[in-house]
Amino acid sequence: MKNYLSISDIDNLSEWVKEAQKLKANPKADKKLGADKTICLLFFNNSLRTRLSTQKAAMNLGMEVMVMNFGNEGWALEYGDGTIMNQNTSEHIKEAAQVVSQFCDIVAIRAFASLTDKEQDEAEVVLNGFKKYTSIPIVNMESSVGHPLQALADAITMEEQKTKVKPKVVLSWAPHPKALPHAVANSFVEMMQLQEADFVITHPEGYELNEAISKNTTIEYDQKKALENADFVYVKNWSSYTDYGNVSNQDSNWMMTMEKLGSAKFMHCLPVRRNVVVEDAVLDSEQSLVIEQANNRTYAAQIVLKKILESLSKR
Ligand code: CP
């Protein structure tokens with residue numbers, strides 16, 4: 001595998017999940033695989049879980065790790081071809097990506113959606129800019145439209161927790177005071193489409209995700225109805241996709257409560273705003289899987305890096 005940019009880079013999900021579980025049981029088993037290899041983690045946005053879990057995964061594989069908060073500390077990058085750079089950008093992606101390639105063997109990038117320019121966000125200018133000009137493998141640590149490492153960790157968590165072959169899984173929108181991207185929801189939907197599950201998305205009208213991603217998935221606008229007999233409830237806020245980046249609804253009735261959750265397991269990628277997105281009682285209950293989801297981020301990243309390192313060793 002050259003890159004891990006989206007869920008579509010997973011060639012065999014059930015095999016990857018099984019391998020990740022094996023790594024979880026023995027995290028240092030492949031300690032020699034990454035010897036003399038360096039990964040560079042470039043963050044254009046904040047992170048807790050992605051930064052620590054990807055670093056931990058790389059260390060488990062014996063890699064050296066360099067981390068740079070590019071958004072605060074790097075030169076402002078230019079992505080356009082032929083731009084006269086006499087404004088705010090100082091360095092072109094053409095040089096920056098090639099320079100990064102001199103120092104490491106794999107580059108992992110976090111670059112969120114702007115939520116102001118849909119066309120630019122969907123073009124994934126940062127990720128695709130690096131892809132175009134770097135010579136080394138790239139890992140997506142959450143881009144404008146996807147968070148495939150989170151979705152892989154979610155798949156590992158559900159495999160560990162499910163009690164039936166085809167569970168009912170609900171992705172439920174939640175209120176939030178800020179405009180948030182669609183990346184986590186998009187990748188979770190794509191992941192569920194690869195799974196054996198009775199999958200339903202519920203959100204207020206006007207919060208439809210990109211139809212190219214939600215395609216044949218059932219959408220139920222009545223949250224109560226959607227949650228009936230759920231085994232897993234994944235809660236996430238996202239801003240409007242059609243009225244791009246806008247927050248037109250902060251209805252607290254959409255917050256997840258213990259009463260609505262019933263006996264289902266609760267999932268969220270974190271960070272989460274308590275008593276806005278979900279009430280304390282849910283997060284503090286035995287039904288919450290959020291800490292295990294975060295823990296599984298290490299093994300999701302580790303299986304991805306392992307596959308890339310194996311393909312590098314064959315070159
Ligand atoms: N879930 C997730 O990606 O967390 P961070 O933003 O803290 O990395």
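Two strands are said to pair if DSSP finds at least two bridges between them. The legends below describe close-up views of a predicted model.

**View 1. Strands β8 and β9 within a five-stranded sheet.** Strand β8, residues 198-202, is joined to β9 by 2 bridges, and the two strands run parallel. One residue of this pairing is V200, whose bridge partner in β9 is T218. Both strands belong to an open sheet of 5 strands, arranged in the order β9-β8-β7-β10-β11 with parallel pairing. At the edges of this sheet stand β9 (218-219) and β11 (265-267), each of which pairs on one side only. Strands of a sheet pair through backbone hydrogen bonds, and the pairing may be parallel or antiparallel.

**View 2. The four-stranded sheet and the helix packed on it.** A second view shows an open sheet of 4 strands in the order β2-β1-β5-β6, again with parallel pairing. Strands β2 (64-68) and β6 stand at the edges with a single partner strand each, so one side of each has no neighbour in the sheet. On average, and ignoring direction, neighbouring strands of this sheet are turned by 20° against each other. Strand β5, residues 106-110, pairs with β6 in the parallel sense over 3 bridges. Within this pair, I109 of β5 is opposite N140 of β6. Helix α13 packs on the sheet and touches β1 (38-43), β5 and β6. The direction of α13 makes about 150° with that of β5.

**View 3. Helix α1 and its two faces.** Helix α1 consists of 13 residues, 13-25. From its first C-alpha to its last it reaches 19 Å, close to the 18 Å expected at 1.5 Å a residue. Which residues of α1 are buried? They are L13, W16, V17, E19, A20 and L23. These residues cover an arc of only 165° around the axis, which puts them on the same side of α1. The face turned away from that buried side carries the exposed residues K18, K22 and A25. Among the elements that cover the buried residues of α1 are α7 (148-161), α8 (183-193) and α13 (290-314).

**View 4. Helix α7 and its crossing with α13.** The 14 residues of α7 should span 20 Å at 1.5 Å a residue, and the end C-alpha atoms are 20 Å apart, which agrees. Helix α7 is mostly covered, with 11 of its 14 residues buried. Among these buried residues are P148, A151, A155 and M158. How do α7 and α13 pack, and at what angle? They pack at an angle of about 115°, with their axes 8 Å apart. The crossing of α7 past α13 is right-handed. On the α7 side, the contact is made by L149, Q150, L152, A153, D154, I156, T157 and E160. On the α13 side, the residues in contact include E292, N296, Y299, A300 and I303. Several α7 residues in this contact are also buried, including L149, L152 and I156.

**View 5. Glycine G34 in the loop before β1.** Residue G34 is found in the loop between α1 and β1. Is G34 buried or exposed? At 0% relative accessibility, G34 counts as buried, because buried means under 20% relative accessible area. Leaving aside residues up to four places away in sequence, G34 touches L61, G62, M63 and L309. The view also includes D105, which is 71 residues from G34 in sequence and 9.9 Å from it in space, C-alpha to C-alpha.

**View 6. Two glutamates with positive phi.** Residue E124 lies in the loop between α5 (118-122) and α6 (125-133). Although E124 is not a glycine, it has a positive phi of about 50°. With 10% relative accessibility, E124 counts as buried. Residue E142 is found in the loop between β6 (138-140) and α7. Its phi is also positive, at about 115°, although E142 is not a glycine. With 8% relative accessibility, E142 counts as buried.

**View 7. The cis peptide bond before P271.** Which peptide bond is cis in this view? The bond from L270 to P271 is cis, with omega near 0°. Residue P271 is found in the loop between β11 and α12 (280-283).

Definitions and conventions: Residues are numbered from 1 along each chain as its sequence is written. This is a predicted model: local features need pLDDT of at least 70, side-chain atom pairs count only at pLDDT 80 or more; totals for chains, interfaces and linings use all residues. Side-chain values use heavy atoms; hydrogens and water are left out. The expected span of a helix is 1.5 Å times one less than its number of residues. Buried means under 20% relative accessible area, exposed over 50%, partly exposed in between (1.4 Å probe, protein chains only). The arc is that of the directions from the helix axis to the C-beta atoms. Contact means heavy atoms within 4.5 Å. Axes are lines fitted to C-alpha atoms, for helices over the stretch in contact, and angles run from 0 to 180 degrees between N-to-C directions. A crossing is left-handed if the near helix is turned anticlockwise from the far one by less than a right angle, and right-handed if clockwise.
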